[in-house]
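This report covers selected residues, the ligand surroundings and the charged pairs of one model. The structure is shown first.

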Amino acid sequence: MLKPDAIENGHMGKIIDMIIGAGFTIKAMKYTRLTTEQAQKFYEVHAERPFYGELVEYMTSGPIVAAILDKDNAVADFRALIGATDPAEAAEGTIRKAYAENKGRNAVHGSDSDENAQIEGEFHFSSSEIF
Ligand code: CMP
């Protein structure tokens, strides 16, 4: 997902360009806005964390771009491309280093496993929207 801060700050096109430039192909893409219920569900693994309420509020604060990406070794390579959760710790050349504001408003989300990529892809897209 490209998160609300990335859209709000006008970085949508540049981030998508970095993703394609890094060798990912786009299997599905959608410009949408999460409802509170959707954001709560998407991040339910973090429900007990102190930042959960803030995270849900932020993720529903404006439109996002959801995408399913394809590449060999996609999960690890995408996490390398986006960089550390906190942009202060993100490596030079990563999306978060270039575009994230802080640990919460951090521009992009990437799935942390193939299994979660499958679940998160199905969360956003029906089979007819995946190419
Ligand atoms: P993401 O990769 O989408 O996964 C969980 C999200 O929770 C994370 O990116 C951040 O946006 C958010 N997050 C993680 N840690 C913190 C924190 N300490 N404070 C606020 N938000 C956080």
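In this predicted model, Ala107 has a relative accessible area of 0% and is therefore buried, since the cut-off for that class is under 20%. Ala107 sits in the loop that connects helix 6 (95-99) with helix 7 (114-124). Its phi is positive, at about 70 degrees, although Ala107 is not a glycine. For residues other than glycine, a negative phi is what most show.

Asn73 also has a positive phi without being a glycine, here about 60 degrees. Its loop runs between strand 2 (64-70) and helix 5 (74-82). Is Asn73 buried or exposed? Asn73 counts as exposed because its relative accessibility is 53%, and the exposed class begins over 50%.

**Lys3 and the ligand**

Ala107 is among the residues in contact with Lys3 once neighbours within four places in sequence are set aside. The other contacts of Lys3 under that condition are Tyr43, Tyr58, Met59, Pro63, Ile64, Gly104, Asn106, Val108 and His109. Lys3 belongs to the segment before helix 1 (4-8). Lys3 is buried but has no salt bridge. Which side chain of opposite charge is nearest to Lys3? That side chain is Asp5, at 6.6 Å. A salt bridge requires a nitrogen to oxygen distance within 4 Å, so the separation of 6.6 Å does not qualify.

Lys3 is also one of the residues around the ligand. The others in that set are Tyr43, His46, Phe51, Leu55, Arg96, Lys103, Gly104, Asn106 and His109. Three polar approaches to the ligand can be described by distance. An oxygen atom of the ligand lies 2.6 Å from an N or O atom in the side chain of Tyr43. For the side chain of Arg96, the corresponding distance from a ligand oxygen to an N or O atom is 3.3 Å. With Gly104 the partner is a polar backbone atom, and a ligand oxygen is 3.0 Å from it. On its own the ligand has 450 Å² of accessible area, of which the protein covers 81%.

**Ile19 and Phe78**

Ile19 lies in helix 2 (residues 12-21). Its relative accessibility is 5%, so Ile19 counts as buried. Apart from neighbours within four places in sequence, Ile19 is in contact with Leu2, Phe24, Leu69, Phe78, Leu81 and Ile95. Ile19 and Ile82 are 63 residues apart along the chain, with 9.0 Å between their C-alpha atoms.

Phe78, one of the contacts of Ile19, is in helix 5. Because its relative accessible area is 9%, Phe78 is buried. When residues up to four places away in sequence are not counted, Phe78 touches Ile19, Phe24, Leu69, His109 and Gly110. Among these, His109 is also listed around the ligand. The C-alpha atoms of Phe78 and Ile95 are 9.9 Å apart, with a sequence separation of 17 residues.

**Salt bridges**

Side chains of opposite charge can pair when their charged atoms come close. How many salt bridges does a search of the whole structure find? The search finds five. The table lists some of them.

| Positive residue | Negative residue | Closest N to O distance |
|---|---|---|
| Lys30 | Glu129 | 3.2 Å |
| Lys71 | Asp77 | 2.6 Å |
| Arg105 | Glu101 | 2.8 Å |

The salt bridge between Lys30 and Glu129 links distant parts of the chain, with Lys30 in strand 1 (residues 25-32) and Glu129 in the segment after helix 7, 99 residues apart. Lys30 counts as partly exposed because its relative accessibility is 25%. Glu129 is partly exposed as well, with a relative accessible area of 30%.

In the pair of Asp77 and Lys71, Asp77 is partly exposed at 25% relative accessibility. Lys71 has a relative accessible area of 26% and is likewise partly exposed.

For the pair of Glu101 and Arg105, the relative accessibility of Glu101 is 39%, so Glu101 counts as partly exposed. Arg105, at 23%, also counts as partly exposed. Which residues do salt bridges with shared partners join into one network? The network consists of Glu8, Glu101 and Arg105.

Notes: Residues numbered from 1 in each chain as written. Predicted model: local features only at pLDDT ≥ 70, side-chain atom pairs only at ≥ 80, totals over all residues. Heavy atoms only, no water. Helix = DSSP H or I, 4+ residues; strand = E, 2+ residues; numbered from the N terminus. Buried < 20%, exposed > 50% of the residue type's maximum accessible area, 1.4 Å probe, protein only. Lys, Arg positive; Asp, Glu negative; His and termini not counted. Contact = heavy atoms within 4.5 Å. Near = heavy atom within 4 Å. Polar contact = N/O pair within 3.5 Å; in protein donor to acceptor, adjacent residues only side chain to side chain. Areas by Shrake-Rupley, 256 points an atom, 1.4 Å probe, with all protein chains shown as cover.
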